[in-house]
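Subject: Structure for your files

Hello,

Here is the structure I said I would pass on. My notes follow below it.

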Amino acid sequence: MIKSSYAHKLAERPRYSRKFWAVLITFLCSLGFLLFQGGKLAFMLFVIISILSVYLLLGQWSGIRRTQGNRTLSNVDFGSTIEAGTSLTISLQLQIPGFWPMPYIFVKDRMFHKTGRELTFEATLVPDWRRRAHWEYKTPSMRRGHYYFGRTECVTEDIFGLFEHSGELDLPQSISVLPQMVPIREWQQFHHMLKGTNHHSTTTRASRETTQINGVREYIYGDRISRIHWNATAKTGTWKSKEFERESLPKSYLVLDRSVKAYGGEEQFELAVSVAASLFQYGSSRDLSFGLVSRGSDDVYFEPRSGQSVYNAAMQHFIDVEADGPMGLRQVLLEKVQQLVPGSFMAIVSPLSGEPMLQILTWLKQQQMNPCHLWIGNDSTGKDAWILQLKSKGITGYSIQTLSELPARLGGRHG
């Protein structure tokens, strides 16, 4: 990067020098014409050339190198997180000190993704009489990941377009983009597994509560009047509900397949991440304890625990996660199953199907696990056959081809 920048400066330097010498020679010629020829014409020509030369010379102190400004977002704050698919409206305010007249300013703003992808935004602005400029632009739909802003380039020229003057504005700001998620109303198979197939409670809680109060939590729409903690509500001024201890439940894990060879493209992996994030969001909204197994270039493992800390850690992982696993799903599970408690529920998000995946799921059942396959498939013709094959083995499966169909699949319609 440094070598290329230095080479660029060397390439620009001779061109700048030629223009400088051309102006200087023009000035010397006008001066010689005045000294040797004399007369009104020579004097007027010398005055005009002198004024233009001074104007071009003062461009070195145009103030563009000392440009000040700030960058703001109209809908969120920098440092916060947004969901994938959201567009950002960015406003850039510039203030150029000095007095040298500027016909326009060429501005280039850059946004970098952690993986090296770059978004470039360019515009030509005309400053007002106070040498201020305002620029507002909108980004395309943001993809998942961490983004940060590079230096903002500001370039101007004299009215003749001979000399170019540039400056940079350093506004180090960042934004994080979560994977796209969809709200899930109910996951019937999961609740049946926890409560038993003969339990038909309509409560949104997956686990039964004891009568022992464990603390105070925020009020959730639909809580009964008897659950409201009146003393805490009066002290804080916001609705609070009683939190009760819960019965011991089987552990639940979400397994994200990150094998490089498993996915047919970037969009397929993005769908897998969105499905996993949506399931975690569903668990967090209902105080369910989900663990996470995600093995790739890094090894991420979260024990099933309720609370916002595990949810936040999982979401931060989903922002950066990539399909970069050197090992296949079977090898990952062979190493991890030894750490898991028999009887655990395992929701596997993977594009694998057929005999390789069937062997993995059958082996998990032999290890006294309760597997469930969320198939990220792109073959609409073979999805019914695969789901029926899983059902014949006593394994629950869901075929997910678009994120929007996930709630309907988990709500009771298999396939």
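Which element of the protein chain has the lowest mean pLDDT, and which the highest? Strand β11 (residues 209–218) is the lowest, with a mean of 59, and strand β16 (residues 345–350) is the highest, at 94. As these scores imply, this is a predicted model. Over the protein chain, pLDDT averages 82, and 86% of the residues score at least 70.

Two stretches need caution. Residues 1–15 stay under 50 in pLDDT, and the model gives them 0 contacts beyond four places in sequence. Residues 196–207 are also below 50, but that stretch has 22 contacts in the model beyond near neighbours in sequence. Where pLDDT is low, the predicted coordinates should not be read in detail.

On annotation: the unreviewed UniProt entry lists residues 20–36 and 42–61 under "transmembrane region". In the model, residues 20–36 are 100% helix, with 24 Å between the end C-alpha atoms. Residues 42–61 are 85% helix and 0% strand, and their end C-alpha atoms lie 30 Å apart.

Now the salt bridges. A search of the whole structure returns 18 of them. Three are described here.

Glu266 and Arg143 pair through their side chains, with an N to O distance of 3.0 Å. This links distant parts of the chain: Glu266 belongs to helix α5 (residues 266–285), while Arg143 sits in the loop between β6 (132–138) and β7 (145–149), 123 residues apart. Glu266 has a relative accessible area of 45% and Arg143 one of 31%; each is partly exposed because its value falls between the 20% and 50% limits.

Glu270 and Arg144 form another bridge, at 2.7 Å from N to O. Here too helix α5 is tied to the loop between β6 and β7, with Glu270 in the helix and Arg144 in the loop, 126 residues apart. Are these two residues buried or exposed? Both Glu270 and Arg144 are buried.

The third bridge joins Arg295 to Asp299, at 3.8 Å from N to O. Arg295 is partly exposed, with a relative accessible area of 22%, and so is Asp299, at 42%. Elsewhere, salt bridges that share partners connect Arg117, Arg143, Glu266 and Glu267 into one network, so the Glu266 and Arg143 pair described above belongs to that network.

Regards

Definitions and conventions
Residues are numbered from 1 along each chain as its sequence is written. This is a predicted model: local features need pLDDT of at least 70, side-chain atom pairs count only at pLDDT 80 or more; totals for chains, interfaces and linings use all residues. Side-chain values use heavy atoms; hydrogens and water are left out. A salt bridge is a side-chain nitrogen of Lys or Arg within 4 Å of a carboxyl oxygen of Asp or Glu. Helices (H or I, at least four residues) and strands (E, at least two) are DSSP runs, numbered from the N terminus. Buried means under 20% relative accessible area, exposed over 50%, partly exposed in between (1.4 Å probe, protein chains only). UniProt positions are given in the numbering used here, feature names are shortened, and annotations may be inferred rather than shown by experiment. pLDDT is the predictor's confidence in each residue, from 0 to 100. Contact means heavy atoms within 4.5 Å.
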